[in-house]
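Please open the structure in a viewer in which residue ranges can be selected chain by chain. The tour below proceeds from one selection to the next.

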Amino acid sequence: MKEKSARNIIITPATNSRKPRRGNKPGKRNRYAIFFLAPYIAGVLVFWILPILFTFAISFTKWDGFNAMQFIGIENYKHLFLEDGRFFKSLFNTVVIMGLSIPVTLVLALIFAYILSGKALYAKRFLQLGVFLPYIMTPVAVGIIFALLFDQHYGFVNRILMYLHIIQSPLPWLGNEWLARITLAIALIWMYCGYQMILLMSGMSMISEDVYDAARIDGANTRQVFFRITLPLLKGVLVFVVITSLIGGFQLFDEPLLLFNSSLSGKFPIGGPDNAALTMSLFFYNESYTNFNFGYGAAISYMMFVVIALISFVSMKIMDRGDRL
Amino acid sequence: MANISLKNIRKVYPPDVTAVDGFNLEIEDRRFVVLVGPSGCGKTTVLRMIAGLEEITGGELRIGGQLMNEVPPKNRDIAMVFQNYALYPHMTVFKNMSFSLELRKVPKAEIKRRVEEAARILDIERLLHRKPKALSGGQRQRVALGRAMVREPAVFLLDEPLSNLDAKLRASMRTELIKLHRRLETTFVYVTHDQTEAMTMGELIVVMKDGFIQQIDTPQNLYDRPCNAFVAGFIGNPQMNFMNGVLERDERGFHMAFAKDRIYFPKERQGGWMEAYSGKPVKLGVRPEDIYDDEASLDKYGDAVINAHVEVSELMGSEVYLYLEREGMNLTARVGPGTTSRTGDKVKVAIDMGKAHLFDPENENALSDRQGKDD
């Protein structure tokens with residue numbers, strides 16, 4: 001085949017050399033391609049496209065998963081937006097928890113990355129590992145650890161704070177609406193700081209030493225080097241970290257579930273006190289798999305999809321603009 | 001005044017790697033000085049010590065008479081051009097060039113004037129709003145030079161600035177750098193491993209090896225009077241030929257004796273100084289252009305003719321390189337394009353012993369200073 005097309009090119013040098021190839025047993029190449037792609041396409045169809053369509057279909061029904069589906073039109077969506085306050089509450093919770101955790105995680109990760117990228121630092125590897133370790137911990141363990149640490153009566157955190165006379169009486173960390181959100185944010189910061197640090201460190205290691213040398217000769221001090229050289233050159237990594245954090249934030253599920261509903265702290269409803277830690281994923285899970293409202297759950301998941309798509313679109317626009325700057 | 005004085009400069013990297021030792025150099029104001037040597041000879045380390053990017057372990061560095069050992073780079077009144085240009089990737093060309101002036105809080109109008117003037121000189125006015133990634137290697141090079149120029153520094157430090165360019169561009173940038181030096185009337189300290197760059201650009205060349213200075217001299221003197229076999233071999237392209245033999249004397253005078261050949265020094269080159277080395281092994285150094293294969297030269301240098309086998313003959317256009325072999329010794333000759341010698345031929349070649357160099361085979365130092373002939 002190769003020889004044939006080569007000959008064609010020689011014979012018709014002035015015309016588009018790809019033209020003859022197209023007439024050469026049309027479809028044969030495509031058939032091979034489809035054959036090799038088939039397993040993947042089958043997987044996508046069965047596990048992606050069908051569930052997406054099926055979910056969309058059942059979002060217009062009332063269905064508990066066992067009995068017959070009942071078509072109810074846009075009732076689920078109406079209930080979601082107009083009657084059930086939990087949807088907007090869960091959206092609000094998710095945004096608040098992200099707002100509390102993402103900026104702090106990023107700043108801390110940046111500080112750790114900057115310090116631990118320093119050349120002559122004692123026990124550098126050990127410290128890197130120390131910051132990174134929480135990330136490889138399973139959320140179950142994190143939930144239990146934080147439930148223990150922040151327990152109102154036996155928790156370590158309250159004891160320390162009282163010992164240091166910062167607080168007079170134990171704080172109900174897991175029992176108060178805002179304290180619960182803060183506790184959850186602290187757990188998230190602790191978990192993801194190391195991961196972001198590693199990403200930022202790899203970004204920093206990509207910056208040429210010569211650029212720093214040039215900046216020193218140009219007269220920049222440490223602060224100017226950081227803010228005018230390091231930080232702008234980390235923009236790509238920062239954008240990546242922020243976008244993945246945002247997307248991850250909307251999928252926040254296991255940490256709040258386990259923090260407030262593990263065997264140790266099982267005294268709270270599923271979203272924590274007064275649904276303060278009811279994230280969108282948790283709301284969806286609760287409706288679908290605890291209350292068996294699959295139709296309603298499907299409507300929630302579609303709304304989540306819209307929100308995440310919107311966020312991704314906006315972030316991509318920002319990234320695009322950043323590239324052109 | 002921006003004369004640079006380096007006294008007994010030493011650089012030791014922990015734990016005990018000595019990169020530079022006993023480095024003494026006086027650079028007069030407005031000179032173009034080239035530090036040249038093979039990779040790892042310490043030339044870049046010296047430059048970085050002058051820049052203040054590398055701490056000086058021992059010795060004194062003075063710029064314009066002022067002790068600079070502990071002075072931070074920004075206060076040394078220097079500018080540096082890096083091998084890979086080290087432009088700030090996130091800034092436009094204009095910003096790259098104006099960054100140092102902004103940090104110094106130079107008024108905006110003045111910044112604009114200086115950047116535009118430098119851009120005009122370097123012919124990069126059209127590129128001022130581009131980012132480095134949208135520039136070719138040559139253009140980046142100009143921006144890097146421009147960034148140094150706007151500072152109006154007393155000293156320009158250039159670290160192999162042409163090594164990332166292709167051969168043609170490198171040749172034209174060499175000329176431009178020479179012109180730029182004349183125009184700016186500033187001290188240039190230029191580091192390169194390329195002897196052609198050193199020879200064509202340097203007013204004064206410092207040849208380095210293993211952290212030590214081998215010779216400081218003008219290009220012509222380095223070529224004509226290398227102080228040792230290393231300098232002799234490093235400067236010049238193709239490289240100088242070295243032949244190990246014995247310096248002997250017979251009724252026709254001093255000559256080099258090899259296994260089968262005897263080649264005589266001309267009368268005017270013979271001198272009492274040779275007496276001391278008589279009968280001892282020495283290393284003979286002959287530049288490729290001092291080996292001839294034409295009839296006239298074979299007659300002229302009849303006392304220094306050897307037989308050789310042409311292993312390869314390379315036509316370079318205006319000249320021909322002959323790679324010769326004789327008794328296990330390899331020689332390169334640079335002859336005229338009219339040569340009749342071809343690959344595989346057995347030929348006779350004559351050596352102009354009047355221009356030959358002698359070195360001590362032990363310490364490689366040049367024997368005699370050729371006083372009898374040149375001075």
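The stops below cover confidence, helix packing in chain A, the contact between the chains, and the strands of chain B.

**Confidence**

Begin by colouring the model by pLDDT, since this is a predicted model. It scores ipTM 0.84 and pTM 0.78. Chain A has a mean pLDDT of 84, with 87% of its residues at 70 or more. Select residues 2-11 of chain A: this is helix α1, whose mean pLDDT of 41 is the lowest among the elements of the chain. The highest, 93, belongs to helix α10 of chain A, residues 209-218. Extend the first selection to residues 1-20 of chain A, where the pLDDT is below 50. Beyond near neighbours in sequence, that stretch has eight contacts in the model.

Turn to chain B, where the mean pLDDT is 91 and 98% of the residues reach 70 or more. Confidence there is highest in strand β3 (residues 32-36) of chain B, at a mean of 96, and lowest in helix α10 (residues 371-374) of chain B, at 40. Residues 371-375 of chain B have pLDDT below 50, and this stretch has four contacts in the model beyond near neighbours in sequence.

**Helix α5 of chain A and its partners**

Select residues 86-117 of chain A, helix α5, together with residues 177-205 of chain A, helix α9. Their axes come within 6 Å of each other and cross at roughly 40°. The two helices, α5(A) and α9(A), are therefore oblique to each other. The crossing of α5(A) and α9(A) is right-handed. By class, the residues of this contact comprise 22 nonpolar, five polar and one charged.

Keep α5(A) displayed and replace its partner with helix α12 of chain A, residues 235-250. Here the axes come within 10 Å and cross at roughly 150°. Because of that angle, α5(A) and α12(A) are roughly antiparallel. The crossing of α5(A) with α12(A) is right-handed. To inspect the contact, show the side chains of Thr94(A), Met98(A), Ile102(A) and Leu106(A) on α5(A). On α12(A), the residues that meet them are Val241(A), Ser245(A), Leu246(A), Gly249(A) and Phe250(A). Six residues of this contact are nonpolar, three are polar and none is charged.

**Where chain A touches chain B**

Display both chains. Which elements of chain A give two or more residues to the side that touches chain B? They are α10 and α11 (222-233) of chain A. In total, 14 residues of chain A are in contact with 17 residues of chain B. The most is given by α10(A), with seven residues. The chain A side of the contact divides into seven nonpolar, three polar and four charged residues.

**The six-stranded sheet of chain B**

Hide chain A and locate the open sheet of six strands in chain B, which has the order β6-β7-β8-β3-β9-β10 and mixed pairing. Select residues 78-81 and 212-217 of chain B to mark the edges, β6 and β10. Each of these has a single partner strand, so one side of each is left without a neighbour in the sheet. Neighbouring strands of the sheet are turned by 15° against each other on average, direction ignored. Now add residues 137-149 of chain B, helix α4, which packs on the sheet and touches β6(B) and β7(B) (155-159). The direction of α4(B) makes about 175° with that of β6(B).

Zoom in on β9 (residues 204-209) of chain B, which pairs with β10(B) in the antiparallel sense over five bridges. Within this pair, Val206(B) stands opposite Ile216(B). The hairpin of β9(B) and β10(B) has two residues between the strands, and Asp210(B) takes a positive phi near 50° in it.

**Strand β11 of chain B**

Finally, select residues 241-250 of chain B, strand β11, with residues 253-257 of chain B, strand β12. These strands pair in the antiparallel sense over five bridges, and a hairpin joins β11(B) to β12(B) through two residues. Label Arg249(B) and its bridge partner in β12(B), Phe254(B).

Then add residues 281-286 of chain B, strand β14, which pairs with β11(B) in the antiparallel sense over six bridges. In this pairing, Phe242(B) has Gly285(B) of β14(B) as its bridge partner.

Conventions: Residues are numbered from 1 along each chain as its sequence is written. Chains are lettered from A and ligands numbered from 1 in the order in which they are written. This is a predicted model: local features need pLDDT of at least 70, side-chain atom pairs count only at pLDDT 80 or more; totals for chains, interfaces and linings use all residues. Axes are lines fitted to C-alpha atoms, for helices over the stretch in contact, and angles run from 0 to 180 degrees between N-to-C directions. Helices (H or I, at least four residues) and strands (E, at least two) are DSSP runs, numbered from the N terminus. Angles under 35 degrees count as roughly parallel, over 145 as roughly antiparallel, 65 to 115 as roughly perpendicular and the rest as oblique. A crossing is left-handed if the near helix is turned anticlockwise from the far one by less than a right angle, and right-handed if clockwise. Two residues are in contact if their C-beta atoms, placed from the backbone, lie within 7 Å. Ala, Val, Leu, Ile, Met, Phe, Trp, Tyr, Cys and Pro count as nonpolar, Asp, Glu, Lys and Arg as charged, and the others, Gly among them, as polar. pLDDT is the predictor's confidence in each residue, from 0 to 100. Two strands pair if DSSP finds at least two bridges between them.
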